[in-house]
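Grab a pencil and work through these exercises with the model open beside you. Try each task before reading its solution.

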Amino acid sequence: MKKGDVVTIVSMMGEIVGRLTGEDDLTVTVSNPRLFVPAREGSAGGFAPGVCMTGKQDLDGVTVNRAVILCVVPCHHDIEAGWVEATSGIVL
């Protein structure tokens, strides 16, 4: 993965989707982060307007400590399209 890729951070708090902007030995930083919220079986999930229930919405970016990250993977194409729509209003 490289800067600019849309990634999923699988963390202990849930799955965060965002555009990779940086990483180092201790942290991973993404822009336009959104927490993926799964739906009931048989229906699509969606995105929370931020990364937590009580935090500011529509953040420009978030830095996540690697101590709470299980893995960072390239985002699934369909989820990436939903993230683009949720963060920009553009429907792919």
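What follows is a set of five exercises, each with a worked solution.

A word on ground rules: this is a predicted model, where local features need pLDDT of at least 70, side-chain atom pairs count only at pLDDT 80 or more, and totals for chains, interfaces and linings use all residues. Residues are numbered from 1 along each chain as its sequence is written, and side-chain values use heavy atoms, with hydrogens and water left out.

**Exercise 1. The overall fold**

Task: Work out how many helices and strands the protein has, and in what pattern they come along the sequence.

Solution:
- Step 1: Count the elements. You should get 1 helix and 6 strands. These are DSSP runs numbered from the N terminus, with helices (H or I) needing at least four residues and strands (E) at least two.
- Step 2: Read along the sequence, and the pattern comes out as β-β-β-β-β-β-α.
- Step 3: Check the dimensions. The C-alpha atoms fill a box of roughly 35 × 25 × 25 Å along the principal axes.
- Step 4: Compare with a globule. A compact globule of 92 residues would have a radius of gyration near 12 Å, and the protein's 12 Å agrees with that. (The radius is taken over C-alpha atoms, and the globule rule is 2.2 Å times the number of residues to the power 0.38.)

**Exercise 2. Surface and interior**

Task: Find what share of the residues is buried, and what share of the accessible surface belongs to carbon and sulfur atoms.

Solution:
- Step 1: Set the cut-offs. Buried means under 20% relative accessible area, exposed means over 50%, and partly exposed is in between (1.4 Å probe, protein chains only).
- Step 2: Apply them, and buried residues make up 30% of the 92.
- Step 3: Add up the surface. It comes to about 5,800 Å², with 55% belonging to carbon and sulfur atoms. The areas come from the Shrake-Rupley method with a 1.4 Å probe, and for residues only the protein chains shown count as cover.

**Exercise 3. Salt bridges**

Task: Search for salt bridges: how many are there, and which residues pair up?

Solution:
- Step 1: Know what you're looking for, namely a side-chain nitrogen of Lys or Arg within 4 Å of a carboxyl oxygen of Asp or Glu. The whole structure gives 3.
- Step 2: Start with Lys2 and Asp5, whose side chains meet at 3.3 Å, N to O. Lys2 is exposed at 56%, while Asp5 is partly exposed at 22%.
- Step 3: Go on to Arg66 and Glu23, at 2.7 Å. Arg66 sits in the loop between strand E5 (61-65) and strand E6 (69-74), and Glu23 in strand E2 (residues 14-23), so this pair ties together parts 43 residues apart in sequence. Arg66 is partly exposed at 31%.
- Step 4: Finish with Arg34 and Asp58, where the closest N and O atoms are 2.9 Å apart. Here strand E3 (residues 27-37), which holds Arg34, is linked to the loop between strand E4 (46-47) and E5, which holds Asp58, 24 residues away. Arg34 is buried at 5%, whereas Asp58 is partly exposed at 47%.

**Exercise 4. The nonpolar core**

Task: Trace the largest nonpolar core and find which strand gives the most to it.

Solution:
- Step 1: Use the rule: buried Ala, Val, Leu, Ile, Met, Phe, Trp, Tyr and Cys residues joined through side-chain atoms within 4.5 Å.
- Step 2: List the members. The largest core has 12 residues, including Val7, Leu20, Val28 and Val64.
- Step 3: Assign them to elements. Strand E1 (6-11), E2, E3 and E5 each give two or more residues, and E3 gives the most, with 3.
- Step 4: Look for a second core. Another one lies apart, with 5 residues, among them Val17, Cys75, Trp83 and Val84.

**Exercise 5. One residue close up**

Task: Which residues does Val64 contact, leaving aside its neighbours within four places in sequence?

Solution:
- Step 1: Place Val64. It's in strand E5 and counts as buried at 8%.
- Step 2: Collect contacts, meaning heavy atoms within 4.5 Å. Val64 meets Ile9, Ile16, Leu26, Thr27, Val28 and Ile69.
- Step 3: Take one partner. The C-alpha atoms of Val64 and Val28 are 5.3 Å apart, though the two are separated by 36 residues along the chain.
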